[in-house]
Amino acid sequence: MRKKKFIIASLVILFFVSWKTIDFSPKPIKNIKRKKHCTIVRKISNNEILYIKLFSQLKIESFTLAPETGKYRIWANGIEVANTETFKIVKLSCVNDSIEIRAFETVIGKYKHVKIASQDSIKTFRLKLMSPDRKPRFYQDNLLVTAELGELKCVNEIVLDNYIAGVVQAESGKRSYSEFYKVQAIMARTFALSNLQKHAGEDFNLCDHTHCQVYFGKSTEADILKSVRDTKGKVVVDDDLNLIDATFHSNSGGQTANSEDVWGRKLPYLRSVKDTFSIKMPNAKWERKIAKDEWLTYLKAQHNYPIEDTVARKKALNFKQEVRIPYLEMNTIKVPLKNVRTDFQLKSTFFSIVQDGDSVIFKGRGFGHGVGMCQEGAMHMAKLGYKHTDVINFYYQKIQLIDLYKLSFFRDE
Ligand SMILES: [Zn+2]
């Protein structure tokens, strides 16, 4: 009898211990080691799991979730509280800093942390924000929800390449060229893996906004899914086998920029290149009219530029930029064009200025910071029949495309 009680007690303890082992928090990133401001890849697997914060620009108060493929179970505080075999759709709301889960009129309970997960190999769910009201989106793999400061924090726990396909679709849109999709897949993968710590301390790796990479959920485009599969494990590294800063912009205007002219840090692979592929693309040119007085007053007030000097004034009103330069310079005064771009919300720093009566016209080229790959140029190259490797080698210097798993050879254990 005593033996029987002991066995039952052991089973009960085992039962609770096993519930406790369900992990609700993102795993610490062990396989990336920081060294001298750069990253070294260590044993990153094909099925690396990432944690992506969803709707990162919104304060989510409630949403509904319904499975599309796969059977989902809802875990709260280590216990299964519901599953989507019994409830086809559930509503999660933030109530008094807790997550209230409802299935129709039934309140299942209130919790601090919830995990909605499936063991199936293919699993997709439909997430519809109710407050604020947004169109439904479809996500793969699992979802972690936390109630925090009066809102719900939703984090997608997702396999690397499922996420990469979603990013490629959000960043490049549909109906592009497969070689361009391959470039975007390699860039997105390189960016994701070199920025796993970008939100360190916030319990997720990356957000779904431009701060990290835009991500609206599952890719539906067969060409994108194939391009992600065809480039599986491929990343771009520099001479020291560190993942590169895979930066890109919309249009270079005919010439890309040196990294130090924009961010102050010189990187050997982010060099200015003459880029004829971008010049006939949609964002190659722009114009902006500003009152002459506003421009001159700005130069004086913000940069102490000597507008009272005739030569200096003439230069400011007839500024020429045939090739990219970082400053409007007069003697010792340097006006950083990146500041002018920000202050006047211009599309790029690659502009010339002409007078037009009481106004000045900024005649600009390109769209974005100009560093690294030009997306429109890359798309044009793909259209002309260049391979993804040609595109990457054109926009980034002294780099190599490498398989992640080969890099594990270099890990220092
Ligand atoms: Zn971010």
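In the predicted model, N96 is exposed, as 8 other C-beta atoms lie within 10 Å. The residue is placed in the loop between β7 and β8, and its phi is near 50°, a positive value in a residue other than glycine. The hairpin formed by β7 and β8 has two residues between the strands, and N96 is where the positive phi occurs.

The strands on either side of this turn can be described in terms of their pairing. Strand β7 (residues 90-95) and strand β8 (residues 98-103) run antiparallel and are joined by five bridges, with I101 in β8 serving as the bridge partner of L92. Strand β4 (residues 62-69) is also antiparallel to β7, to which four bridges join it, and here V90 in β7 is the bridge partner of L65. The two faces of β7 are unlike in their surroundings, since V90, L92 and C94 make up a covered face, whereas K91, S93 and V95 make up an uncovered one.

A second backbone feature involves L241, whose phi is near 65° and is again a positive value in a residue other than glycine. L241 belongs to the loop between β16 (234-237) and β17 (248-249), and counts as partly exposed, having 16 C-beta neighbours inside 10 Å. In the loop between β11 (124-131) and β12 (137-140) lies P132, which is joined to S131 by a cis peptide bond with an omega of about -5°.

An open sheet is formed by seven strands, which follow the order β6-β5-β10-β13-β14-β3-β15 with mixed pairing. Its edge strands, each pairing on one side only, are β6 (79-83) and β15 (206-207). Within the sheet, strand β10 (residues 113-117) pairs with strand β13 (residues 142-148) in the antiparallel sense over four bridges, and H113 stands opposite T146 in β13. Helix α2 packs on the sheet, where it touches β3 (49-53) and β14 (151-159), and the direction of the helix makes about 110° with that of β14.

Helix α2 (residues 160-172) also packs against α3, at an angle of about 120° and with the axes of the two helices 9 Å apart. That angle makes α2 oblique to α3, and the crossing in which α2 passes α3 is right-handed. The contact brings Y163, I164, V167, V168, E171 and S172 of α2 together with F180, Y181, Q184, A185, A188, R189 and A192 of α3. By class, nine of the residues in this contact are nonpolar, two are polar and two are charged.

Helix α3 (residues 178-194) also contains T190, which counts as buried because 24 C-beta neighbours lie inside 10 Å. Apart from neighbours within four places in sequence, T190 is in contact with V235, V236, L243, I244 and A246. The C-alpha atom of T190 is separated by 9.9 Å from that of I164, a residue 26 places away along the chain; I164 is among the α2 residues that meet α3.

How values were computed
Residues are numbered from 1 along each chain as its sequence is written. This is a predicted model: local features need pLDDT of at least 70, side-chain atom pairs count only at pLDDT 80 or more; totals for chains, interfaces and linings use all residues. A residue is buried if 20 or more other C-beta atoms lie within 10 Å of its own, exposed if 12 or fewer, and partly exposed in between; C-beta atoms are placed from the backbone. Two residues are in contact if their C-beta atoms, placed from the backbone, lie within 7 Å. Axes are lines fitted to C-alpha atoms, for helices over the stretch in contact, and angles run from 0 to 180 degrees between N-to-C directions. Angles under 35 degrees count as roughly parallel, over 145 as roughly antiparallel, 65 to 115 as roughly perpendicular and the rest as oblique. A crossing is left-handed if the near helix is turned anticlockwise from the far one by less than a right angle, and right-handed if clockwise. Ala, Val, Leu, Ile, Met, Phe, Trp, Tyr, Cys and Pro count as nonpolar, Asp, Glu, Lys and Arg as charged, and the others, Gly among them, as polar. Two strands pair if DSSP finds at least two bridges between them.
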